[in-house]
Amino acid sequence: MEPDTELHDTTQRTVLSHGPLRSAPRSACVVVIHGEGLGRRADITDAAVLVGRSQEADLVIAHKSVSREHCRVWRDGNGYRIRDLGATNATRVNDVRISGDTALADGDQVTVGESILKFISQDSVEASYHEEIYQLATHDALTELYNRRHFIEMADKEIARSIRHARPLSLCIVDVDLFKPVNDRYGHISGDEVLRQIALLLRRHVRSDDIAARIGGEEFALLLPECDAEAARVFAERLREAVADAPFAPGGEPQRITVSIGIAALSPQRDTRPALMAAADTALYRAKSEGRNRVCVEA
Ligand SMILES: Nc1nc2c(ncn2[C@@H]2O[C@H](COP(=O)(O)OP(=O)(O)OP(=O)(O)O)[C@@H](O)[C@H]2O)c(=O)[nH]1
């Protein structure tokens, strides 16, 4: 198990990647091209996109110059429109303060506090470039799951949403057991293949609203909205069994691989992401010390 704060460089392991597992349909988007939130983007699909400082915004820009609900962008027939929501620093499009609903055209620059967003229509050649950049910035190259940084961003939003709506939320931290001996015996390339296989199992087990990420070398996180601790335990048991039963063969040699899983649920006493992660980590340590290949829940 790796320390929580450690960062992992996985770039050399892209050699095993067979390319993106899912190709997102291209949609119009707003992307931050300057200031706080640089690189962050929100696709404009059927639902309107709220831009603001609030964790519940679709595009969060956590800067004091940005109002909690700053502006809204939405699709209107074949076009797109934007409206300022009474922000203290009024929204500007191409440096002109907007009033009422305003149409957006491809390439328009939207000033939100001290950040600048660019509107990119789905027909733009620039859209695929930003899609690629977004994929690189938010996903782990080896497993195609979300990376740690993006997981943290999404977890903060999900926690805020769950608290606001008084809904349950659980976090599972999944750590591969005795992975060092696997690497030592079969080499890092085979170890990487094991990690990819485990990531696929994770992906198969989660629901579409769940958030699956690789947050460390051999450590994964699963955030389960609408799931209390007991439901998360049942889910985690199924996942643990699926890994233990899966046919791994690093270096061509059949090998049993197992995972330990620590779980913590959101509660009034545990209502921040660091507290939730620390509690799940404590449960994980217990699972390891009690013999591995098991699920523990932090009360
Ligand atoms: N192949 C591969 N190995 C990695 C990667 N990131 C971390 N590791 C390895 O994962 C291993 C983690 O080992 P430890 O933290 O000692 O834990 P462990 O052997 O899994 O033992 P327990 O967690 O106590 O069950 C180390 O050998 C790391 O080198 C990676 O991206 N690819």
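Colleague: In which helix does Tyr129 lie?

Modeller: This is a predicted model, and in it Tyr129 belongs to helix 1, which spans residues 125–138.

Colleague: Is Tyr129 buried, partly exposed or exposed?

Modeller: Residues between 20% and 50% relative accessible area are called partly exposed. Tyr129 has a relative accessible area of 49%, so the residue is partly exposed.

Colleague: Which residues form a nonpolar patch on the surface?

Modeller: The patch consists of Tyr129, Ile133 and Leu136. Together, these residues have about 320 Å² of accessible area.

Colleague: How should one read disulfides, and how many does the structure hold?

Modeller: A disulfide is a covalent bond that joins the sulfur atoms of two cysteines. In this structure there are zero disulfides. Cys172, for instance, takes part in none, and the nearest cysteine sulfur, which belongs to Cys227, is 7.6 Å away. A disulfide requires the two sulfur atoms to be within 2.5 Å, so this pair does not count as one.

Colleague: Are Cys172 and Cys227 buried or exposed?

Modeller: The cut-off for buried is under 20% relative accessible area. Cys172 is buried, as its relative accessible area is 0%. Cys227 has 8% relative accessibility and therefore also counts as buried.

Colleague: Which residues does the UniProt annotation "domain: FHA" cover?

Modeller: According to the unreviewed UniProt entry, this annotation covers residues 49–98.

Colleague: What are the helix and strand percentages over residues 49–98?

Modeller: Over that range, the chain is 44% strand and 0% helix. The C-alpha atoms at the ends of residues 49–98 are 17 Å apart.

Terms used
Residues are numbered from 1 along each chain as its sequence is written. This is a predicted model: local features need pLDDT of at least 70, side-chain atom pairs count only at pLDDT 80 or more; totals for chains, interfaces and linings use all residues. Side-chain values use heavy atoms; hydrogens and water are left out. UniProt positions are given in the numbering used here, feature names are shortened, and annotations may be inferred rather than shown by experiment. Helices (H or I, at least four residues) and strands (E, at least two) are DSSP runs, numbered from the N terminus. Buried means under 20% relative accessible area, exposed over 50%, partly exposed in between (1.4 Å probe, protein chains only). Patches are made of residues with over 30% relative accessible area and no salt bridge: like charges are joined within 9 Å, nonpolar side chains (Val, Leu, Ile, Met, Phe, Trp, Tyr) within 5 Å. Accessible areas come from the Shrake-Rupley method with a 1.4 Å probe; for residues, only the protein chains shown count as cover. A salt bridge is a side-chain nitrogen of Lys or Arg within 4 Å of a carboxyl oxygen of Asp or Glu.
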